[in-house]
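User: I am new to this structure and would like a friendly walk through it. Could you take my questions one at a time?

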Amino acid sequence: MIKLDDFLAHDAVDPRLTALIASVVEACGQISALVRRGAAGEILGALESQNVQGEVQKKLDVISNEILLQRCAEAPGLVAMASEEMDDIYPVREVGPEGGYLLLFDPLDGSSNIDVNVSIGTIFSILPAPRADGPRPAATADFMQSGRNQVAAGYVVYGPQTTLVLSLGNGVRAFTLDPLNDEWVPTAHAITIPHETKEYAINASNLRHWATPVRSYVEACLAGEEGPRGKNFNMRWIASMVADVHRIMVRGGVFLYPWDAREPDRAGKLRLMYEANPMSMLVEQAGGAAFDGQGHILDAEVTSLHQRISVMLGSRAEVEHLMALHAEATGV
Ligand code: P6P
């Protein structure tokens with residue numbers, strides 16, 4: 001398997017994209033070192049502040065966001081950044097005839113797990129920057145692009161190992177950070193999600209709030225081999241999307257964070273631009289599927305930077321079963 005630098009140079013085509021991804025990965029290496037220090041580095045705990053989602057910010061959320069901004073701002077061709085932790089975009093260069101890239105990230109997803117030493121991660125998505133005849137400031141509207149436009153997507157999971165999972169549109173590869181020499185070692189290429197699975201991930205405490213298709217799906221899983229599915233299922237819920245999705249990339253499964261009636265006007269909890277879209281690109285590139293209750297997540301209409309979406313993704317056969325249950329419910 002080829003090393004990360006060689007892979008980027010070979011597959012990224014545009015050296016500016018190579019440099020940007022290398023900057024993201026360097027930043028994640030730095031974040032990994034901080035996460036590993038934990039309380040020993042006096043960087044755990046919450047701040048007084050809240051992010052644009054109205055969520056209490058952990059110290060490490062903000063530190064990780066700063067690291068990504070600083071490391072990536074120098075990357076040639078980077079026009080602007082957007083983050084879960086920032087209300088507005090972070091312009092870096094002007095939009096012009098040379099195009100370039102837009103970087104979006106959730107700097108530390110699963111941050112509720114930081115203080116209890118459970119795996120967390122960084123998720124990132126790279127979109128093409130628009131071209132303009134004359135230079136103009138980057139705008140939020142430049143980010144309003146379909147997930148199908150992503151030129152790269154990836155995550156780094158900070159768990160027992162620190163592992164980068166990355167796609168540039170030609171399959172999915174993994175690289176694991178060797179703490180002995182700080183090298184990203186290629187550990188998997190052409191990752192493929194098993195088509196079938198007996199493992200689902202959902203926060204079951206929300207059962208009474210789910211729409212009928214999701215509730216029917218989970219109840220059928222719970223009924224096991226005596227039920228309509230004719231097989232027994234296993235359940236996992238780490239409450240850290242990166243960790244749950246990484247398990248699915250490695251051994252299959254389906255991850256659900258669907259719409260629920262707790263906040264009926266909210267499409268879901270997870271954010272489209274820097275959580276669902278990058279994860280959906282990785283899952284589809286690995287042969288899986290990603291569904292938002294109406295259609296493929298990557299086809300979802302993008303209306304705002306921090307918009308939320310219902311997420312059901314993973315092993316293709318299981319997601320297609322969920323699609324059929326939703327189609328039945330709407331009489332499609
Ligand atoms: P709940 C973490 O806060 C996160 O955004 C995802 O990483 C995770 O899958 C989900 O929320 C967990 O949500 O409601 O189970 O705590």
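**Strands, sheet and domain contact**

Analyst: Happy to help, and we can begin with one strand pair: β6 and β7 run antiparallel and are joined by 7 bridges. Please keep in mind that this is a predicted model.

User: Which residue in β7 is the bridge partner of I126?

Analyst: The strands to look at are β6 and β7, which run antiparallel. Follow the bridge from I126 across to β7 and you arrive at A152.

User: What is the order of the strands in the open sheet?

Analyst: The sheet has 8 strands, and its pairing is mixed. At its edges lie β4 (90-91) and β10, each of which pairs on one side only. Read across, the order is β4-β3-β5-β6-β7-β8-β9-β10.

User: Which residue takes a positive phi in the hairpin of β9 and β10?

Analyst: Strand β9 covers residues 172-178 and β10 covers residues 183-188; they pair in the antiparallel sense over 5 bridges. D178 stands opposite E183 in β10. Between the strands there are 4 residues, and the one with a positive phi, near 60°, is D182.

User: How far apart are the centres of domain 1 and domain 2?

Analyst: The domain assignment places domain 1 at 4-188 and domain 2 at 199-330. Domain 1 brings 49 residues to the contact and domain 2 brings 31. Taken over C-alpha atoms, their centres are separated by 24 Å.

User: How much area do domain 1 and domain 2 bury between them?

Analyst: The size of an interface is often given as the accessible area lost when the parts come together. In domain 1, M144, R148 and Y155 lose the most area to domain 2, together 22% of what that side buries. Of the total for both domains, 62% is on carbon and sulfur atoms, and that total is about 2800 Å².

User: Which residue forms a salt bridge with R148?

Analyst: Across the interface of the two domains there are 3 salt bridges, and 14 residue pairs are in polar contact. For the salt bridge of R148, the closest N and O atoms are 2.7 Å apart, and the partner is E284.

User: Which strand gives the most residues to the side of domain 1 that touches domain 2?

Analyst: Strands β3 (78-83), β5 (101-109), β6 (120-128), β7 (152-158) and β8 (162-167) each supply at least two residues there. By class, that side of domain 1 has 23 nonpolar, 20 polar and 6 charged residues. The strand giving the most, with 7 residues, is β6.

Technical notes. Residues are numbered from 1 along each chain as its sequence is written. This is a predicted model: local features need pLDDT of at least 70, side-chain atom pairs count only at pLDDT 80 or more; totals for chains, interfaces and linings use all residues. Side-chain values use heavy atoms; hydrogens and water are left out. Domain bounds come from an automatic or database domain assignment. Contact means heavy atoms within 4.5 Å. Buried area is the accessible area (1.4 Å probe) that two parts lose on being put together, summed over both. A salt bridge is a side-chain nitrogen of Lys or Arg within 4 Å of a carboxyl oxygen of Asp or Glu. A polar contact is a pair of N or O atoms within 3.5 Å; within protein, one must be able to donate a hydrogen and the other to accept it, and residues adjacent in sequence count only if both atoms are side-chain atoms. Ala, Val, Leu, Ile, Met, Phe, Trp, Tyr, Cys and Pro count as nonpolar, Asp, Glu, Lys and Arg as charged, and the others, Gly among them, as polar. Two strands pair if DSSP finds at least two bridges between them.
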